[in-house]
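Please open the model in your viewer and keep the sequence beside it, since this tour moves from one selection to the next. At each stop, make the selection first, and then read what is there.

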Amino acid sequence: MKRTHYCGAVNEDHVGKAVILQGWVNRRRDLGGLIFLDLRDREGLVQVVVDPESPAFATAERLRGEYVVEVEGDVRLRPAEQVNPELASGKIEVVARRIEVLNEALTPPFPVDASWRGEDDPAERVNEDLRLKYRYLDLRRQKMLARLKLRHQVEHLIWRFLSDEGFLQVETPFLTRSTPEGARDFLVPSRLEPGKFYALPQSPQLFKQMLMVAGVDRYFQIARCFRDEDLRADRQPDFTQLDMEMSFVSQEDVWEINERLVQYVFREALGVELALPFPRLPYQEALERYGSDKPDTRFGLEIRPAEDVFAGSDFRAFAGVVEDGGVVRGLVAPAELSRKQIAGLEEVAKRYGAKGLAWVKLTSDGASGGIAKFLEAERLRAWGLAPGQTALFVADDRQVALEALGQVRLALAELLGIERTGWNFLWVVDFPLLEWDSDLELWTYMHHPFTSPYEEDLPLLDRDPASVRAKAYDLVLNGTEVGGGSIRIHRMELQEKMFAVLGIPKQEAEEKFGFFLEALRYGAPPHGGIAWGLDRFLALMSGAESIREVIPFPKNQSGRDPLTGAPAPVAPEQLAELHLKIVE
């Protein structure tokens, strides 16, 4: 068997030539005197015609959808009235001389053929677990194969670009030591050393930093990572990231090369030209304007300070919050919202910690509805509210007020059908180095304990840790964080100081990170890097609603694999070999 062409690659240039094609029967139509087959492979469809006089006719009569066949025949032009402009091969057809059935097939549990014909795809409405159980069939659909191709193309472009920029691809271990990185580790018991465990890497963080100590200078890896955490649409227990690290660089250096890489990938893969540089938005400003550290900037509806609107008013619910150190923030809806719409938005605000959502409308006659009796129309106009609009307010702790209104902002854009198109990249920068953990009553790192603070903020580490800024940055696309990184701590004394601020005793630091701390003692260069969430990146590029749609064999929302049944019990003998016992 020797295939001469992919089905979707046969075109007018091959008219009069013999071809051998191999693939799946997408559809069979028996018109009495003629049999038409749509033959499919990963590159597309081609129409095969079987005449009653053909030696292949008897075989063609017994074909069914998804049978695997080999077709030998001759290419000819279709009659003008039969040309299909929707297909790359729509101007030609193959007249079969021989058909061989390579394998028969059961009827799939859901259709996989419709999308190839440009028709409504019933598989889109199938229960996701059924699609995942038969993922090898799901991947036969045109949309899913296109996403696999995009994934391959993007990874190929990344390899090409970074190789040309002097990066070395280096693989780091899957079996390593458990170190705290913000999520639970997947543990692997050691058979040879009872009671001891490897951990699957949450990221190659420490290894890539040690590669900088080794003098690799520019490293990258399309790395598999593992985190035992609760799942969402944009999370999987095992996922893929583009990991990068560079020596002797500043934040600007990291941003510049990543911007050019993103620009190159979008140009080559999507034909989209992105303007550089991407905007830089300080973390605190992102919170104040959008209520999020990953804002969607494709539309306005920005959050505004609103304390002045309520200054001197009798609305004690808000005045009391301000007196206790809280804030009032507002949002202008460019429409008169109904009570039902406002109630829905209030539920969103409450879901994110707010006690409620106050509101008022402005008409040509003045303020009305909600808390209108407490407010002056002139003050609302001065604040920016125009007739025909609705103001929404939250009074609370600053973080709660901003986060709640940030979510209301997104819900409001959805409610009003505000257009959100295009590709808005930006860098969120100047994150706090530390945040207070009220449960543990100690400072913890916002990113990881190896992130460098700004040098000018170092004196604040002891007296005002909350004010210390990190040389950390997130890459955001259309309201989704697609990458994050930082300039690292490369001096041993500062790394020890960081551990002390985090309340990690010196002995514990040596126990958990001793191998890395020792590496710093041997001359670590200044270095920094980033990791892209490649699955998230690809989901956005392809228009998928979940990263599961761009991962070949993902887990479901419960962390299970419907295809293989994992996680699954193992034999008692395996547990005994690993010196483990299941405790009910």
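A residue is called buried when its relative accessible area is under 20%, exposed when that area is over 50%, and partly exposed in between. Keep in mind throughout that what you have on screen is a predicted model.

**A buried ring pair and its helix**

Begin by selecting Phe310, which is buried because its relative accessible area is 6%, a value under the 20% limit. Add Phe318 to the selection, and you have a second buried residue, with a relative accessibility of 8%. A pair of aromatic rings is described by the distance of the centres and the angle of the planes. For Phe310 and Phe318, the ring centres are 4.8 Å apart and the planes stand at 55°, so this pair is tilted.

Now extend the selection to helix H9, residues 316-323, where Phe318, Ala319, Gly320 and Val321 are buried. What covers these buried residues of H9? Show helix H8 (307-310), strand E13 (327-333), strand E14 (358-363) and strand E16 (389-396), which are included in that cover. Before leaving this region, step just past the end of H9 to Gly325, which takes a positive phi of about 95°.

**A stacked pair and a cluster**

Next, select Trp532 and Phe537, an aromatic pair that is stacked, with 4.6 Å from centre to centre and 20° between the planes. Trp532 is buried, with a relative accessible area of 1%, and Phe537 is buried as well, with a value of 0%. If you then add Phe266, Phe278, Trp423 and Phe425, you will have on screen one aromatic cluster, which these residues form together with Trp532 and Phe537. Across the structure there are 24 aromatic pairs.

**The domains**

Zoom out and colour the chain by its domain assignment, which gives domain 1 (7-107), domain 2 (145-270 + 530-577), domain 3 (299-416) and domain 4 (425-523). If you mark the centres of domain 2 and domain 3, taken over C-alpha atoms, you will find that 41 Å separate them.

**Positions listed in a record**

For the next stop, select Glu181, Arg227, His447 and Arg488, which UniProt lists, in an unreviewed entry, under "binding site". From this set, Arg227 belongs to the lining of the second largest pocket.

Is Arg488 buried or exposed? Arg488 is buried, because its relative accessible area is 2%, and you will find this residue in the loop between strand E21 (480-487) and helix H14 (492-501). Leaving aside neighbours within four places in sequence, Arg488 is in contact with several residues, among them Gln205, Lys208, Gln209, His448, Phe450 and His527. Glu245 is also one of these contacts, and a polar contact of 2.9 Å joins the side chains of Arg488 and Glu245.

Turn then to His447, which lies in the loop between strand E19 (442-445) and helix H13 (460-463). With a relative accessible area of 26%, His447 is partly exposed. Not counting residues up to four places away in sequence, His447 touches Phe431, Ala472 and Asp474.

**Backbone details**

For the last stops, display the backbone atoms. Most residues other than glycine have a negative phi, and most peptide bonds are trans.

Select Leu276 and Pro277, which are joined by a cis peptide bond with an omega of about -5°; Pro277 is in the loop between helix H6 (251-270) and strand E11 (280-282). Then select Ala566 and Pro567, where a cis peptide bond also has an omega of about -5°; Pro567 is in the loop between helix H16 (534-542) and helix H17 (572-577).

Which residue in the loop between strand E10 (238-247) and H6 should you select next? Phe248 lies there, and it has a positive phi of about 60° although it is not a glycine. Phe248 counts as exposed because its relative accessibility is 60%. Finish at His579, in the segment after H17, which likewise has a positive phi of about 60° although it is not a glycine. With a relative accessibility of 48%, His579 counts as partly exposed.

Conventions:
Residues are numbered from 1 along each chain as its sequence is written. This is a predicted model: local features need pLDDT of at least 70, side-chain atom pairs count only at pLDDT 80 or more; totals for chains, interfaces and linings use all residues. Side-chain values use heavy atoms; hydrogens and water are left out. Domain bounds come from an automatic or database domain assignment. UniProt positions are given in the numbering used here, feature names are shortened, and annotations may be inferred rather than shown by experiment. On a 1 Å grid over the protein atoms alone, a cavity is a set of points where a 1.4 Å probe fits but cannot get out, and a pocket is an open set with protein on both sides within 12 Å along at least five of seven lines; lining residues have an atom within 4 Å of a point. Helices (H or I, at least four residues) and strands (E, at least two) are DSSP runs, numbered from the N terminus. Buried means under 20% relative accessible area, exposed over 50%, partly exposed in between (1.4 Å probe, protein chains only). Contact means heavy atoms within 4.5 Å. A polar contact is a pair of N or O atoms within 3.5 Å; within protein, one must be able to donate a hydrogen and the other to accept it, and residues adjacent in sequence count only if both atoms are side-chain atoms. Rings of Phe, Tyr and Trp (its six-membered ring) pair if their centres lie within 6.5 Å; planes under 30 degrees apart count as stacked, over 60 as edge-to-face and the rest as tilted.
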